[in-house]
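Let's take a walk through a protein model together. Keep the sequence and the picture open side by side, and look up each residue as we get to it.

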Amino acid sequence: MAEAVGLVSTLQNWSVMDKIILSTKTPEKKTIFGKGNFQMLTERIRETPGVSAVFMNVERLSAVSEKELQDAWGLKVFDRYSLVLHIFRRNARTKEAKLQISLAEIPLLRSRLKNEVGNLDQQGGGSRYIMGSGETLYEVQQRLLKEQELKIRSVLERLRKKRHMLRTQRKHKDFPIVSVMGYTNCGKTTLIKALTGDVALQPKDQLFATLDVTIHGGRLPSHMTVLYVDTIGFLSQLPHQLIDSFSATLEDVAHSDLIVHVRDISHPETVNQKVNVLNVLKNLQIPERLMNSIIEVHNKIDLVQGYESPDPEAVPISALNELGLDELKQRVEESVMKSTGKQTMILKVDLNSPQLGWLYKEATVQEVHDGDDDCSAEVKVVIGAAAYGRYRKLFQVT
Ligand SMILES: Nc1nc2c(ncn2[C@@H]2O[C@H](COP(=O)(O)OP(=O)(O)OP(=O)(O)O)[C@@H](O)[C@H]2O)c(=O)[nH]1
Ligand SMILES: [Mg+2]
């Protein structure tokens, strides 16, 4: 099992795996391989030292096929769905991520159950009624699964509402939100760590190191605070049901003020990865204004000698070596000012009133200069239209 997972971490794309592990395009057929092929594969598996699991590059194996292959090879057999789920399970930290995984596991349990009951039926046990309850064993188990699914969904819904509330509070505080997105392992977490200095962040050289959407405050050149959102990485051909379960965690992206798309330009599949990420973003129904203002970041330039971006709009950086970050922050600032309608203003404040304190709390104070008299000051401030409206109303400024 460790090998299978290690392999995914290193290769990061299914197509390369075809060459190394097994592949088939007809998982639904009861017998996947012809007799000759099956024997050849079995021999290859036996001859290869240290194989502890086999990965079949298909979205879903039927429970019957999975069991047959496992019995024949004496090894755990993964398909794309169960392998991604396995990695997710290892990396999940928060309650929400764990619940999402439990939800994604239900279809697997359901098809296994069907298979087990099929076997029991052959022995004459599966469809018997239980102690006059009117329900067969299969029906009871199906019902329990359904109940479990409903319970998970209702807890997830509660967590979602809580997130919604937090989002509203953040908006009220007027901090722009920048979602950092990209293919798995492209360096999203490393970049946010470099931009915010948040030592709690842990970048890792593995797939789906980040499974929870987390938020980190960082300063822009104008001293404005923005909130960077670290998101789950994308992977091509991620099984559909898993996307459904996890797209909920990406919901917040549609409400952000800017998307930064990080690309690992040292990766041989970097162009395909970009296409994949943009496709998923389209499916997440991101508003057009956000899609049109995406900042594309070319990361890991330290790994490509003399890198020159083919796209003059892209920002080349090395998150690990902290190269190009000043330019990136500048671009983020310009974009955020535009999308949030924030402006730089010079306000005259009365030092005998709480105006200055209010501005420090609700906006970004850049400079404070002495005013015409002892009790006034001129304040350079970055402030959004809504906050300025509140300021004027509160202090009756015309
Ligand atoms: N050489 C080099 N390595 C980098 C750079 N940025 C990130 N890495 C490495 O790439 C690996 C993945 O980094 P992460 O920041 O965890 O990537 P991620 O996009 O957050 O990955 P997931 O959360 O799994 O989707 C780590 O080993 C980082 O050290 C860079 O600029 N140069
Ligand atoms: Mg990450």
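Which residue of strand 5 does Arg-219 stand opposite? Find strand 4 (214-219) in the picture, then look across to strand 5 (225-230). The residue facing Arg-219 there is Thr-225. Keep in mind that what you are looking at is a predicted model.

That pair belongs to a bigger pattern. Strand 4 and strand 5 run antiparallel and are joined by six bridges. It helps to know that strands of a sheet pair through backbone hydrogen bonds, either parallel or antiparallel. Between these two strands sit five residues, making a hairpin. Have a look at His-223 in that hairpin: its phi is positive, near 80°.

Now let's move to helix 8 (residues 188-196). Is this helix enclosed or out in the open? All nine of its nine residues are buried, so helix 8 is largely enclosed by the rest of the structure. Among the buried ones are Lys-188, Leu-191, Lys-193 and Thr-196. So what does the covering? The two strands you've just met, strand 4 and strand 5, both take part, and so do strand 3 (177-182), strand 6 (258-264), strand 7 (295-299) and helix 12 (325-340). Just past the end of helix 8 comes Gly-197, which has a positive phi of about 70°.

Stay with helix 8 a little longer, since it leads us to the ligand. Ligand 1 is surrounded by 23 residues, and the closest are Gly-187, Pro-203, Asp-205, Thr-210 and Gly-233. Helix 8 gives the largest share of this shell, with three residues. What kinds of residues make up the shell around ligand 1? Ten are polar, eight are nonpolar and five are charged.

Two threonines deserve a closer look here. An unreviewed UniProt entry marks Thr-189 and Thr-210 with the feature "binding site". They span 22 residues in sequence, yet their C-alpha atoms are no more than 7.7 Å apart, so they gather at one spot.

Take Thr-189, which is found in helix 8. Why does Thr-189 count as buried? Because 24 C-beta neighbours lie inside 10 Å of it. Apart from neighbours within four places in sequence, Thr-189 is in contact with Leu-201, Pro-203, Ala-209, Thr-210 and Asp-230. Thr-210, in turn, sits in the loop between helix 8 and strand 4. It counts as buried too, because Thr-210 has 22 C-beta neighbours inside 10 Å. With the same neighbours in sequence left out, the contacts of Thr-210 are Lys-188, Thr-189, Asp-230, Ile-232 and Gly-233. Notice that Asp-230 turns up in the contacts of Thr-189 and in those of Thr-210.

Our last stop is further along the chain. Here three strands make an open sheet with antiparallel pairing, in the order 9-11-10. Strand 9 (343-350) and strand 10 (364-370) are the edges, each pairing on one side only. From one strand to the next, the twist averages 25°. How many bridges link strand 10 and strand 11 (residues 376-383)? There are six, in the antiparallel sense. You can pick out one partnership yourself: Thr-364 has Val-382 of strand 11 as its bridge partner. Finally, helix 13 (residues 355-362) packs on this sheet and touches strand 9, strand 10 and strand 11. The direction of helix 13 makes about 20° with that of strand 11.

Conventions
Residues numbered from 1 in each chain as written. Chains lettered and ligands numbered in written order. Predicted model: local features only at pLDDT ≥ 70, side-chain atom pairs only at ≥ 80, totals over all residues. Near = placed C-beta within 6 Å. Helix = DSSP H or I, 4+ residues; strand = E, 2+ residues; numbered from the N terminus. Nonpolar A, V, L, I, M, F, W, Y, C, P; charged D, E, K, R; others polar. Pairing = 2+ DSSP bridges. Axes fitted to C-alpha atoms, helices over the stretch in contact; angles between N-to-C directions. Contact = placed C-beta atoms within 7 Å. UniProt positions renumbered as here; feature names shortened; annotations may be inferred. Buried ≥ 20, exposed ≤ 12 C-beta atoms within 10 Å, placed from the backbone.
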